[in-house]
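Here's a walk through a two-chain model, written for someone who would rather be at the bench. Have the sequence and the structure open beside you.

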Amino acid sequence: MEIKKTQQDMPRQKPEERKKNFNEVALGYTEDMALSEAARCIQCKKPLCVDGCPVEIDIPGFIQLIKDKDYMGAALKIKEKNCLPAVCGRVCPQEDQCELKCVLGIKGESVSIGRLERFAADFEIEQTKGTPFKRHAISSGAKKIAIVGSGPSGLTVAAELAHLDYKVTIFEAFHKAGGVLVYGIPEFRLPKSIVEREVEYVKSLGVELKTNWIIGKIKTIDDLLDNGFAAVYVCTGAGLPYFMEIPGENSIGVYSANEFLTRSNLMKAYKFPEYDTPIKHGKKIAVIGGGNVAMDASRTALRLGADNVYLIYRRSMEEMPAREEEIENAQEEGIDFRLLTNPIEILADEKGKVRGIKCIKMELGEPDDSGRRRPVPIDGSEFEVEVDTVIMSIGNGANPLISSTTPDLDTNKWGNIITKDESGQTSKKGVFAGGDIVTGGATVILAMGAGKKAAEAIDKYLSCE
Amino acid sequence: MSKILKKEVLSPDVKLFVVEAKEIAKKAEPGQFIILMVSEEGERIPLTIADFSRDDGTLTLVVQEVGVTTKKMGKLEEGDDIPYIVGPLGKPSDVVKRGLIVCIGGGIGIAPIYPIARKLKELGNEVISIIGARTKDILFWEEKMGEVSSELIVTTDDGSYGKKGFVTQVLQGIIDSGREISEVMAIGPVPMMKAVSDLTKTYGIKTVVSLNPIMVDGTGMCGGCRVDVDGEKKFCCVDGPEFDAHYVDFEGLIQRQQAYKEEEQQG
């Protein structure tokens, strides 16, 4: 049988429609679409795609189950390795991971593994909706492990360790579990009901979840170790947002992307005044940065009713770190990309409200440390753009709350926790770490991969203790 | 979830709550704050811890009804639950024995200055406290402040009680008397803290203020609470809330507090 060279498209809301609502943009495969895409998988004997997956999902295995129309089986096959399939099917950069390695990609397009993962995961959610998960009990004598943070890394490590019969407690500082999945990634890319369902699943494995517990304050890491926890995994995620350190950044209407997205996503400010948290509904918005978070912030601003959203990025399209799919979505929705442009000052009116942004044109020079060509300002090319809101999306530093109260936990010059190797072992006995607090800003799946490796290491550590 | 064990009306729009929060009370120190939500749909708002009891496992919070959330909170009664409360947040006050310390509480700021004054006195400092309010009806905790101060001076802007005038005038008097002040600690409305800071700056008296800007998470993640201190961006939630007053950009702070004025009316 001839294999189709191209992927089965996934239906999406039309740009004109979707830019006015917060509903999910990508609608997922129908059964026929999934079967047609699954049929493209040639079931390699040595599947390279699995090597490309940070959590080593048996990809040909689950795709075969889809071919056999055993969709529930496919979902469970994924869950053997990945406790958050509906999340990963949506937000993983598959094109740089499993799909990059797919042999079909050599002569055509790779199998759309991500969309198939999502199809299987959504099928399971649809089938089991309304039925609570069966609760697993952990043995009474099981060793206790504390996880600090309930983002993708924490949920993964918790699920893995619960499977190994450890008594796991996740401590979450916010009032809702999920970390970046609930405060950062918008509803239109990852519906919160899906995150809730995945969190419920992890809890059903016997994991205890304590929200509103801020470790480093209410309890230190040492308190946890002294109070019966045999090991601690620190996965506190992104920390203090960076600002550009240009004049005018404290003006009213300047947000960090973290604040803008947290207000909209976690606090549901897009539903104000039904929800109490306010957010500025700017008409002309400048988003500074070129990563996935910048795309999320731009598209959120658009949905909040902006007429113009300018995405201001100092390098060119080629260097932009955001996923291609997200860039495409943003462009379709009408985000105005202003590339090779860098802000130098935020202009405010007499009341301190943003009225514009002063930028300078850039050109690309020699490659810098990151291997990307360094942007250099062009003298005399300054110009002003009229905006009423500015969203800084240029990354985060490390959160100091754990490190400042755990003196024997080594950190690097940026404040990120230093781990010995992939195991996540830190300088402190019994303490492991992973995710963005170790690597700096990365992806959901890399944080999950780190969680998976740390779970193995924690198990090994506690077994030889 | 925290149960409200006691509610007291301190003045028509200022309410005191004693809430159950065992784990937070264990770790709370003067100068720290909590963040709470009054409902699932609520905002996260920061409130300074006005007092705590490790034995009873309780926190005392004093709330002035100014916005949507504080008004909703004002309607809660004894026995009601506060669904979400997280803390203790921020750095504790830097309290050590220094000598003569002037503690200034303005309006609602009387509540958070109280545990600091108490701790300073316990450590053997001479504590002169100045508490002030717009008018007599909204003044509270005179007796409590008296207990933890070597000397207490009360002012009202309109002269309806105590000395007529501002806390800064009393402070000026103490400075003029020639007594050597080691430090001034001031908590209250931003314009008051600025006025205190402007005054002490001319005399080179170290002054610490506690800032209470708009916040979302309170853990350093959103940056909404940023303020320039000595030309550097500081996040009140993790770097503060207390800062050396002489380096704080009060103008910027006052401006940022107005950010949601329009929405506040809509809500």
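Two residues are in contact here when heavy atoms lie within 4.5 Å. Keep in mind that this is a predicted model.

With that cut-off, let's start at one lysine. Leaving aside neighbours within four places in sequence, B:Lys119 is in contact with B:Pro30 and B:Val95. You'll find B:Lys119 in helix H3 of chain B, which covers residues 110-122. Is B:Lys119 buried, partly exposed or exposed? Its relative accessibility is 28%, so B:Lys119 counts as partly exposed. For a sense of distance, B:Ile85 is 34 residues from B:Lys119 in sequence, and their C-alpha atoms are 24 Å apart.

**The two chains**

Here are the basics for each chain.

| Chain | Helices and strands | C-alpha span along principal axes | Buried residues |
|---|---|---|---|
| Chain A | 18 helices, 14 strands | about 65 × 60 × 50 Å | 59% of 465 residues |
| Chain B | 9 helices, 16 strands | about 55 × 40 × 35 Å | 60% of 267 residues |

Now for how each chain is packed. Chain B has a radius of gyration of 18 Å, close to the 18 Å that the globule rule gives for 267 residues, so chain B is as compact as a globular protein of that length. For chain A, a compact globule of 465 residues would come out near 23 Å, and the chain's own 23 Å agrees with that.

The contacts can also be sorted by how far apart the partners sit in sequence. Take the contacts in chain A between residues at least 6 apart: 69% of them join residues at least 24 apart. Do the sorting for chain B, again with residues at least 6 apart, and 65% join residues at least 24 apart.

**A covered helix in chain A**

Helix H14 of chain A (residues 257-266) is mostly covered, with 10 of its 10 residues buried. The buried residues include A:Phe260, A:Leu261 and A:Leu266, along with A:Glu259 and A:Arg263. What do the buried residues of H14(A) pack against? Within chain A, they pack against helix H11 (180-183), strand E5 (254-256), helix H15 (292-303) and strand E13 (389-392), and E14 of chain B joins in as well. After H14(A) comes A:Lys268, which has a positive phi, near 60 degrees.

**Where the chains meet**

That brings us to the interface. How many residues does each chain put into the contact? Chain B gives 45 residues and chain A gives 46 residues. Together the chains bury about 3,800 Å², and carbon and sulfur atoms account for 55% of that area. On the chain B side, B:Met221, B:Lys233 and B:Tyr260 supply 17% of the area that chain B buries against chain A, more than any other three residues.

B:Lys233 turns up again in a salt bridge with A:Glu245, at 3.2 Å from N to O. Across the whole interface the rule finds 6 salt bridges. There are also 20 residue pairs in polar contact between chain B and chain A, with both residues at pLDDT 80 or more.

Which elements of chain B give two or more residues to this face? They are helices H1 (22-27), H2 (68-74), H8 (250-257) and H9 (261-266), plus strands E7 (84-89), E14 (226-229) and E15 (232-235). E7(B) gives the most, with 6 residues. By class, the side of chain B that touches chain A has 17 nonpolar, 12 polar and 16 charged residues.

Notes. Residues numbered from 1 in each chain as written. Chains lettered and ligands numbered in written order. Predicted model: local features only at pLDDT ≥ 70, side-chain atom pairs only at ≥ 80, totals over all residues. Heavy atoms only, no water. Buried area = accessible area lost by both parts, 1.4 Å probe. Salt bridge = Lys/Arg side-chain N within 4 Å of Asp/Glu carboxyl O. Polar contact = N/O pair within 3.5 Å; in protein donor to acceptor, adjacent residues only side chain to side chain. Helix = DSSP H or I, 4+ residues; strand = E, 2+ residues; numbered from the N terminus. Nonpolar A, V, L, I, M, F, W, Y, C, P; charged D, E, K, R; others polar. Rg over C-alpha atoms; globule rule 2.2 N^0.38 Å. Buried < 20%, exposed > 50% of the residue type's maximum accessible area, 1.4 Å probe, protein only.
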